[in-house]
Amino acid sequence: MKIFRKGQLSGEDIHKWLVELRPHAYIPESAFAVSVVLRARSGKEDDYYFAGVNVENIDHRLSTHGEEGAIAAMITALGKQAEIVELWCMGAPLGLKPGDKDQAADICTTCCGKCRQQIAELAAADARIHYVSLNGKSEATTVGAFLPQVFTMPVAPPTTKPVAISAMVVEKKLLRKDTLTQADLETWLKSLEPVDFISKISQSIIVELDNGCYVAGTRVEAAAFSDISVVQSAMAIATGAFGAFKVKAAWVYTRGNTSENRAFLSLSSLQVLLEFAHNANIPLHYLGENEAVLKLSEAVTKTVV
C-alpha cells in the first residue's frame, strides 16, 4: 500500500518513499510536489507510518497539503486518539529527480503555518520534524520549536484508551478492493472515528473509484477551525494511494446532535468532490444514526447549481 507501512523504517527507507510518492501529487497549477510521511502511535505501538501528498483545487483554499493527507490517513485508520511521533516532509518541483544539480533539489521545504498548527494539535512538543531535500539533505526541529505557542481549546479527556491494531485492520480501514454490500459499507463507516471535539458531529465518507477500489475518509476538526473535511480526507488518501482516479459514487455517514442540513456535504466539499468526480451526476448516499438512507442520484449537480 502506497500510503501505509508498519514496522520500523530507516532514514533511507523514508527518503525513498517520499520520492516514490511525488508523482501521485495532484498539482495542476503549481507543479510543486510535496510528499509527507509521519510515524504515529496507537496504544503501546509507535511504528505506524502514513503518507500523504498535496492535492490542489481550482479554489485554492480548498487544496490540502501533504501533511494534511498523512494526518487524514492516520485519523481514518487509527481514530481520534492517534498521536504523531515523528514526521518527514519533502517538497520540490515535480520535474526534478534525486541527483539533479538544480538548486531546488537541495532545498529543505518546511511546513506552512496551517500545517504546523494541525500537527501540533496531534503531537507532543518533543515530536521530531524532518525537512528532507530531494538530494538527501535534512534539517530537524521539534513541534515545540516550530510552533512554540500553539492555539488550543479545552478538550474533554478521552473515555477510552487507544489500542494497537494490526496492519491488516489499518489497511481495511483505509481502502478495500472487494465487492461491498450496503451493509458492508455501513459497518465500515460506523467503525471510523473522526476528530469531532468541537462540533460533536462526526462525519465519515466512503468513495467508490473507477479502479474498483473503495476509499474511506473522516473529518478532522482543528482548534483554529482549519478542519480537514471528509471529502478532502478521502481525496487526499486516494491521491496518495493511486495518483490518478475518478470517483463513481460516495456514501456519507453523519452522527451526533445535528440538523438535517448539517448531515449533507457542504458546498466546499462538493467543489472538492467535483474535481475528481467521474461526472456531475454521481450518486451520493447519505446515512444517519436513524439508518435512513437518502439516495440522491443528482445531488452534486442540484446542490452546486
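Colleague: Let's start with a pairing: which residue in β3 does Val36 stand opposite?
Modeller: Happy to help, and bear in mind that this is a predicted model. Strand β2, residues 32–42, and strand β3, residues 45–53, run antiparallel and are joined by 7 bridges. Within β3, the residue that stands opposite Val36 is Gly52.

Colleague: In what order do the 6 strands of the open sheet come?
Modeller: The pairing in this open sheet is mixed, and the twist from one strand to the next averages 15°. β1 (4–6) and β6 (138–142) each pair on one side only, which makes them the edge strands. Reading across the sheet, the order is β1-β3-β2-β4-β5-β6.

Colleague: Where does Ala31 lie?
Modeller: Ala31 has a positive phi, near 55°, and is a residue other than glycine. Most residues other than glycine have a negative phi. Ala31 counts as partly exposed, because its relative accessibility is 38%. Its place is the loop between α1 (11–21) and β2.

Colleague: And in which loop is Lys200 found?
Modeller: Lys200 is another residue other than glycine with a positive phi, near 65°. The loop that holds Lys200 runs between α6 (182–191) and β8.

Colleague: How many residues of strand β9 are buried?
Modeller: A residue counts as buried when its relative accessible area is under 20%. Tyr214, Ala216 and Thr218 point one way from β9, while Val215 and Gly217 point the other way, and all are buried. The strand, residues 214–218, is therefore largely enclosed by the rest of the structure, and the count of buried residues is 5 of the 5.

Colleague: Which residue of β9 is the bridge partner of Arg176?
Modeller: Arg176 belongs to strand β7, residues 175–176, which pairs with β9 in the antiparallel sense over 2 bridges. The partner of Arg176 in β9 is Tyr214.

Colleague: Which residue in the turn of the hairpin formed by β8 and β9 has a positive phi?
Modeller: β8, residues 202–209, runs antiparallel to β9, and 5 bridges join the two. Ile206 stands opposite Ala216 in β9. The hairpin has 4 residues between its strands, and the one in the turn with a positive phi, about 90°, is Gly212.

Colleague: How many disulfides does a search of the whole structure find?
Modeller: A disulfide is a covalent bond between the sulfur atoms of two cysteines. The sulfur of Cys111 is 4.7 Å from the closest cysteine sulfur, in Cys89, so the two are too far apart for a bond. For Cys112 the closest cysteine sulfur is in Cys115, at 3.7 Å, and that is also too far for a bond. Across the whole structure, the number of disulfides found is 0.

Colleague: Staying with those cysteines, is Cys111 buried or exposed?
Modeller: Cys112 is partly exposed, because its relative accessible area is 27%. For Cys111 the relative accessible area is 3%. The cut-off for a buried residue is under 20%, so Cys111 is buried.

Colleague: Now for the empty spaces: what is the volume of the largest pocket?
Modeller: Its lining has 29 residues, and Lys80, Val155, Ala156, Val195 and Phe197 lie nearest its centre. By class, the lining residues divide into 17 nonpolar, 5 polar and 7 charged. The volume of this pocket is about 720 Å³.

Colleague: Which element gives the most to the lining of the second largest pocket?
Modeller: This pocket holds about 540 Å³ of space. Of its 23 lining residues, Asp227, Ser229, Ser266, Ser268 and Ser269 are the closest to its centre. Two elements, α7 (230–242) and α8 (267–276), give two or more residues to the lining. With 3 residues, the element that gives the most is α8.

Colleague: How is the lining of the second largest pocket made up by class?
Modeller: Serine is among the residues counted as polar, and Ser229, Ser266, Ser268 and Ser269 are among those closest to the centre. Taken over the lining, the classes are 7 nonpolar, 10 polar and 6 charged residues.

Colleague: From which element does the largest share of the lining of the largest cavity come?
Modeller: The structure holds 1 cavity of 30 Å³ or more, and the largest cavity has a volume of about 40 Å³. Its lining includes Val55, Leu62, Gln232, Met235, Val272 and Phe276. The elements that give two or more residues are α7 and α8. The largest share, 3 residues, comes from α8.

Key:
Residues are numbered from 1 along each chain as its sequence is written. This is a predicted model: local features need pLDDT of at least 70, side-chain atom pairs count only at pLDDT 80 or more; totals for chains, interfaces and linings use all residues. Side-chain values use heavy atoms; hydrogens and water are left out. On a 1 Å grid over the protein atoms alone, a cavity is a set of points where a 1.4 Å probe fits but cannot get out, and a pocket is an open set with protein on both sides within 12 Å along at least five of seven lines; lining residues have an atom within 4 Å of a point. Grid points are joined across faces, edges and corners, and a volume is the space filled by probe spheres set on the points. A disulfide is a pair of cysteine sulfur atoms within 2.5 Å. Buried means under 20% relative accessible area, exposed over 50%, partly exposed in between (1.4 Å probe, protein chains only). Two strands pair if DSSP finds at least two bridges between them. Axes are lines fitted to C-alpha atoms, for helices over the stretch in contact, and angles run from 0 to 180 degrees between N-to-C directions.
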